[in-house]
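Please open the structure in your viewer and keep the selection tool at hand. The tour proceeds by stops, each with something to select and something to examine.

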Amino acid sequence: FISSLARYRASKSRYYWALVLEKGDEERTRLLREAILGFSPYTMAYQGPDLLSYCRLGRALCYRELGNYAKAMEELEEVSKGQVPPAILMQVRTERIGIHLHSQRYREAMEEASQLLTELEKEGTQASLADRIRFMKLEALFPLFAPEGSVNRPQLSITPKVEESPSTELE
């Protein structure tokens, strides 16, 4: 378990380090690919559901940063299977909206954002997440209603992150 957790944290560090570098930088690409490897089978050999979910989420974020949106969505789908803690599931759903925005699938982003907002409003909790989802929904609406060719896509509000590791007992 300890070696799996160490690989997870090393991969998380590589992911964040890569985000600091310019897109297209070879070092950035190398770090993201190394992070994907670290979030992979050896780390996931420890079958704790939280660590497994966080590893898959980490892989999805790396694939997104590499521009491989299909692989990112596959990983997010895998995270959603089985019993997933609500906090992880909310992040997965938010990331799915972000990937739709990155890949310019605005209608899909709108549908997912609307669905998630409805659920959040029923719960009456997580106001800051609801605000973030509303902003993402606006980002998806803008290109759908702007005249053809006039769309200057707004800066995405997505803050790429991998939440804290599932176990902090060793810290």
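The stops below concern aromatic rings, one helical residue and one further helix, all in a predicted model.

**Aromatic rings.** A search of the whole structure yields three aromatic pairs. Select Tyr 15 and Tyr 16 and display their side chains. The ring centres lie 5.3 Å apart and the planes meet at 65 degrees, so this pair is edge-to-face. Are these two residues buried or exposed? Tyr 15 has 0% relative accessibility and therefore counts as buried, whereas Tyr 16, at 32%, counts as partly exposed. Next, select Tyr 8, Phe 39 and Tyr 54, which ring pairs link into a cluster.

**Ala 18.** Now select Ala 18, which belongs to helix α1 (residues 2–20). Its relative accessibility is 0%, so Ala 18 counts as buried. Which residues does Ala 18 touch, leaving aside those up to four places away in sequence? They are Arg 28, Leu 31 and Leu 32. Add Thr 29 to the selection: its C-alpha atom is 7.4 Å from that of Ala 18, although the two residues are eleven apart along the chain.

**Helix α7.** Finally, select residues 106–123, which form helix α7. At 1.5 Å a residue, its 18 residues should span 26 Å, and the end C-alpha atoms are indeed 26 Å apart, so the two values agree. Colour the buried residues of α7, among them Tyr 106, Ala 109, Met 110, Ala 113, Leu 116 and Leu 120. In an α-helix, residues three or four places apart point the same way, because there are 3.6 residues a turn. Just after α7, select Gly 124, which takes a positive phi of about 70 degrees.

Methods
Residues are numbered from 1 along each chain as its sequence is written. This is a predicted model: local features need pLDDT of at least 70, side-chain atom pairs count only at pLDDT 80 or more; totals for chains, interfaces and linings use all residues. Side-chain values use heavy atoms; hydrogens and water are left out. Rings of Phe, Tyr and Trp (its six-membered ring) pair if their centres lie within 6.5 Å; planes under 30 degrees apart count as stacked, over 60 as edge-to-face and the rest as tilted. Buried means under 20% relative accessible area, exposed over 50%, partly exposed in between (1.4 Å probe, protein chains only). Helices (H or I, at least four residues) and strands (E, at least two) are DSSP runs, numbered from the N terminus. Contact means heavy atoms within 4.5 Å. The expected span of a helix is 1.5 Å times one less than its number of residues.
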